[in-house]
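Please follow the chain from its helices to its side chains, with the sequence and the model open side by side. The paragraphs below take up a few places in turn.

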Amino acid sequence: MNLGTVIKDIRKQKGQTQTEFASLCGITQTYLSQIENNSKEPNLSTLKEISSRLDIPLPILFFLSLNEDDISPEKRKAFEIINPSVKSLVNEFFRV
C-alpha cells in the first residue's frame, strides 16, 4: 500500500504546499512529510481529516493506494483487469 504517495500526489494536484495542507489538517508539516514518505502511518482520525481536506472519501484513498502486493495471489488477475478502469473512473469522478 502506498497511501502516503497518493496523499502527496492529490495534495500537489490541488496546489497546496505541505505546510498549508498540514495546517488545514491540524498536524505538523514534519508529520505530513513522514506520512507522504510512507515512514509514518497516521491513525484513523488523522486519515479521516486528510481525506476530508482532500475531498476524497477515505475508502477511495485506500483503493488508490493499493498495489499488486496488497492483493491475494488468487485475486491478482481480476485486480489487474479492473484496476485501470476503476482508477480512471475514480480519477474522473473526484478530479484526482
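A residue is called buried here when its relative accessible area is under 20%, and exposed when that area is over 50%. The model is a predicted one. Serine 65, which belongs to helix α5, has a relative accessible area of 2% and is therefore buried. Its side chain has a polar atom 2.8 Å from the backbone oxygen of phenylalanine 62. If neighbours within four places in sequence are set aside, serine 65 is in contact with Met1, Asn2, Leu3, Val6 and Asp70.

Two of the residues that serine 65 touches, Leu3 and Val6, lead on to helix α1. This helix spans residues 3-13, and its buried residues are Leu3, Gly4, Val6, Ile7, Ile10 and Arg11. Viewed down the axis of α1, these buried residues fall within an arc of 160 degrees, so that they line one face of the helix. The face turned away from this buried side carries Lys12 and Gln13, which are exposed. As for their partners, the buried residues of α1 pack against α2 (18-25), α3, α4 (44-54) and α5 (58-65). After α1 comes glycine 15, with a positive phi near 75 degrees.

The packing of α1 against α3 can be followed from glutamate 36, a residue of helix α3, which covers residues 29-36. Glutamate 36 has a relative accessibility of 3% and so counts as buried. Its side chain is joined to that of arginine 11 by a polar contact of 2.6 Å, and arginine 11 is itself among the buried residues of α1. Apart from neighbours within four places in sequence, glutamate 36 is in contact with Gly4, Thr5, Ile7, Lys8, Arg11 and Gln18.

Gln18, one of the residues in contact with glutamate 36, brings in helix α2. The axes of α2 and α3 lie 8 Å apart, and the two helices pack at an angle of about 105 degrees. Because angles of 65 to 115 degrees count as roughly perpendicular, α2 is described as roughly perpendicular to α3. On the α2 side the contact is made by Gln18, Thr19, Phe21 and Ala22, and on the α3 side by Gln29, Leu32, Ser33 and Glu36.

Where does isoleucine 60 lie, and which residues does it touch? Isoleucine 60 is found in helix α5, and it is buried because its relative accessible area is 19%, against a cut-off of 20%. With neighbours within four places in sequence left aside, isoleucine 60 is in contact with Val90 and Phe94. Its C-alpha is 9.3 Å from that of lysine 87, although these two residues are 27 residues apart in sequence.

Phenylalanine 94 is part of helix α6, which runs over residues 76-94. Not counting residues up to four places away in sequence, phenylalanine 94 touches Asp55, Ile56, Pro57 and Ile60. From phenylalanine 94 to glutamate 80 the separation is 14 residues in sequence and 21 Å in space, C-alpha to C-alpha.

The structure holds one aromatic pair. The ring centres of phenylalanine 93 and phenylalanine 94 are 4.8 Å apart and their planes stand at 80 degrees, so the pair is edge-to-face. Phenylalanine 93 has a relative accessible area of 63%, and is therefore exposed.

Note on methods: Residues are numbered from 1 along each chain as its sequence is written. This is a predicted model: local features need pLDDT of at least 70, side-chain atom pairs count only at pLDDT 80 or more; totals for chains, interfaces and linings use all residues. Side-chain values use heavy atoms; hydrogens and water are left out. Helices (H or I, at least four residues) and strands (E, at least two) are DSSP runs, numbered from the N terminus. Buried means under 20% relative accessible area, exposed over 50%, partly exposed in between (1.4 Å probe, protein chains only). A polar contact is a pair of N or O atoms within 3.5 Å; within protein, one must be able to donate a hydrogen and the other to accept it, and residues adjacent in sequence count only if both atoms are side-chain atoms. Contact means heavy atoms within 4.5 Å. Rings of Phe, Tyr and Trp (its six-membered ring) pair if their centres lie within 6.5 Å; planes under 30 degrees apart count as stacked, over 60 as edge-to-face and the rest as tilted. The arc is that of the directions from the helix axis to the C-beta atoms. Axes are lines fitted to C-alpha atoms, for helices over the stretch in contact, and angles run from 0 to 180 degrees between N-to-C directions. Angles under 35 degrees count as roughly parallel, over 145 as roughly antiparallel, 65 to 115 as roughly perpendicular and the rest as oblique.
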